[in-house]
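Open the structure in a viewer that lets you select residues by number, and keep the selection panel at hand for the stops of this tour.

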Amino acid sequence: MFMRAKAVRVKNTFRRRLIFIKSTFNEMTQNESDDIRYMKEALKEAQFAFDKDEVPVGAVIVSNNRIIARCHNLTETLNDVTAHAEMQAFTSAANTIGGKYLTDCTLYVTLEPCVMCAGAAFWTQIPRIVYGAKDEKRGYSLTGQSILHPKTIIEGGLLADDCAMLLKDFFKKKREM
Ligand SMILES: [Zn+2]
């Protein structure tokens, strides 16, 4: 009798633990698939830039599972060296929400932000940045993490190959011209 009660208890504990592991796993994969989905949207923006003969970097900003800004690099079109995808996206997102702080938003950008964009991200107080390809030459991380807001979590390398490939194709095309 005792053994059976113990066995049932163990079985129930095991089942509860299994349910917990399963729900945590589902949550993780849901978040991961959302991240991939939004990065693919940023990649679409990068492709728009490519098609306009702009350096192909794209960005989207998401708030409460909704894209509130989608932009790409426009430095040639606007003849403005500050017209990086992220800068466009910060302005656009602030306009959409009617406030300058992006405290419940995530920025998805195909290339690691430069120092200027990381500095702008600081002022927006954005809590999360996800980027694709690493920028070995101009990435913000070359100067250290302190440029970002202390509350900002940054993750790199999502769909990095796809993001980098677009840039490689662009510069290859430029060299051949
Ligand atoms: Zn930048």
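The tour goes through a predicted model, beginning with the sheet and ending with single residues.

**The sheet as a whole**

Begin by showing the strands alone: five of them form an open sheet with mixed pairing, and their order across the sheet is β2-β1-β3-β4-β5. Select 66-72 for β2 and 153-156 for β5, which stand at the edges; each has a single partner strand, so one side of each is left without a neighbour in the sheet. As you turn the view, note that neighbouring strands are rotated against each other by 15° on average, direction ignored.

**β1 and its hairpin with β2**

Next select residues 58-63, which make up β1; this strand pairs with β2 in the antiparallel sense over six bridges. Two pairs are convenient to mark: Gly-58 has His-72 as its bridge partner in β2, and Ser-63 has Arg-66. The two strands form a hairpin with two residues between them, and Asn-64, in the turn, has a positive phi of about 50°. Move on to Asn-65, which lies in the loop between β1 and β2 and has a positive phi of about 60° although it is not a glycine. Asn-65 counts as exposed because there are 8 C-beta neighbours inside 10 Å, and the limit for that class is 12 or fewer.

Is the strand leading into this turn enclosed or open? Five of the six residues of β1 are buried, so β1 is largely enclosed by the rest of the structure.

**Across to β3**

Now add residues 105-111, the strand β3. β1 and β3 pair in the antiparallel sense over five bridges; here Ala-59 has Val-109 as its bridge partner in β3, while Val-62 stands opposite Thr-106. In β3, seven of the seven residues are buried, so this strand too is largely enclosed by the rest of the structure.

**From β3 to β4, and the helix on the sheet**

Select 128-133 for β4, which pairs with β3 in the parallel sense over five bridges. Val-109, already marked as the partner of Ala-59, stands opposite Tyr-131 in β4. Follow the chain from β3 through helix α3, residues 115-124, to β4, and you trace a β-α-β crossover that is right-handed. Then select residues 160-176, helix α4, which packs on the sheet and touches β3 and β4; the direction of α4 makes about 60° with that of β4.

**Tyr-131**

Centre the view on Tyr-131, which is found in strand β4. Is this residue buried or exposed? Tyr-131 counts as buried because it has 30 C-beta neighbours inside 10 Å, and the class begins at 20 or more. Leaving aside residues up to four places away in sequence, Tyr-131 touches Val-109, Leu-111, Glu-112, Pro-113 and Gly-156. Show Met-39 as well: Met-39 and Tyr-131 are 92 residues apart along the chain, yet their C-alpha atoms are separated by 8.0 Å.

**A last stop at Asn-79**

Finish in the loop between β2 and α2 (85-97), where Asn-79 has its place. Asn-79 has a positive phi of about 50° although it is not a glycine, and with 8 C-beta neighbours inside 10 Å it counts as exposed.

Methods: Residues numbered from 1 in each chain as written. Predicted model: local features only at pLDDT ≥ 70, side-chain atom pairs only at ≥ 80, totals over all residues. Pairing = 2+ DSSP bridges. Helix = DSSP H or I, 4+ residues; strand = E, 2+ residues; numbered from the N terminus. Axes fitted to C-alpha atoms, helices over the stretch in contact; angles between N-to-C directions. Contact = placed C-beta atoms within 7 Å. Right-handed = clockwise from strand over helix to strand, strands pointing away.
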